[in-house]
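Me: I've got a structure open and I keep tripping over the labels people use. Can we go through a few of them together?

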Amino acid sequence: MSDEAMMRLALEEARACLEWEDVPVGAVVARGDEVLARAGNRRERNQDPTAHAEILALREAAAALGTWRLEGCALFVTLEPCAMCAGAVVLSRVDRLVYGASDPKAGFAGSLGDLVQHPRLNHRAIVTAGVLADECGAILREFFEQRRGG
């Protein structure tokens, strides 16, 4: 599957977050064309500050493979990962990170910082940014506009 096709699956997960009024971010972990895991943010639903889409998808993928080492895998996420999620990308040994919308306020895959490619860490992911960025950004903008009452 193409990066765009995987990102469309992540967008489906992001849209599902709207049911429980969580920030609509979705993630997919794949190995080749095989989807290992899919998740959306569940911070509100689970009352868990670590229940970001990326963390949940990485956990599910590790369970599916029976190992925490996700070498050969790619993480597709609708929004540039925060510091926590960027750290999880490094620690899980994901080969590729593909994200949609950049996050200049909290993104740690190139915007605010670049944890996933930091030269002093023992693993670096290849990053592809901006896949379906307009669609990924639009769902977030609409969510926050509605929360602000406009």
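Reply: Sure. This is a predicted model, and its largest pocket holds about 440 Å³ of space. Its lining is made up of 21 residues, with Val23, Leu79, Asp103, Leu140 and Phe144 nearest the centre. Helix H5 (residues 133-147) gives the most to that lining, with five residues.

Me: What makes Phe143 and Phe144 an aromatic pair, and why is the pair called edge-to-face?

Reply: Their ring centres are 5.0 Å apart, and rings pair if the centres lie within 6.5 Å. The planes are at 80°, and over 60 counts as edge-to-face, so both labels fit. The structure holds one aromatic pair, by the way.

Me: Why is Phe143 called buried, and why is Phe144 called partly exposed?

Reply: Phe143 has a relative accessible area of 6%, and buried means under 20%, so the label holds. Phe144 comes in at 32%. That lies between 20% and 50%, so Phe144 is partly exposed.

Me: How do you know that the charged end of Arg45 sits over the ring of Trp20?

Reply: The charged end is 4.0 Å from the ring centre, and the limit is 6 Å, so the distance part is met. The charge is listed as sitting over the ring, so the angle to the ring normal is within 35 degrees too.

Me: What makes strands E3 and E4 a pair?

Reply: Five bridges join E3 (residues 74-79) to E4, and the two run parallel. Pairing takes at least two bridges, so they qualify. Val77 stands opposite Tyr99 in E4.

Note on methods
Residues are numbered from 1 along each chain as its sequence is written. This is a predicted model: local features need pLDDT of at least 70, side-chain atom pairs count only at pLDDT 80 or more; totals for chains, interfaces and linings use all residues. Side-chain values use heavy atoms; hydrogens and water are left out. Rings of Phe, Tyr and Trp (its six-membered ring) pair if their centres lie within 6.5 Å; planes under 30 degrees apart count as stacked, over 60 as edge-to-face and the rest as tilted. Buried means under 20% relative accessible area, exposed over 50%, partly exposed in between (1.4 Å probe, protein chains only). On a 1 Å grid over the protein atoms alone, a cavity is a set of points where a 1.4 Å probe fits but cannot get out, and a pocket is an open set with protein on both sides within 12 Å along at least five of seven lines; lining residues have an atom within 4 Å of a point. Grid points are joined across faces, edges and corners, and a volume is the space filled by probe spheres set on the points. Helices (H or I, at least four residues) and strands (E, at least two) are DSSP runs, numbered from the N terminus.
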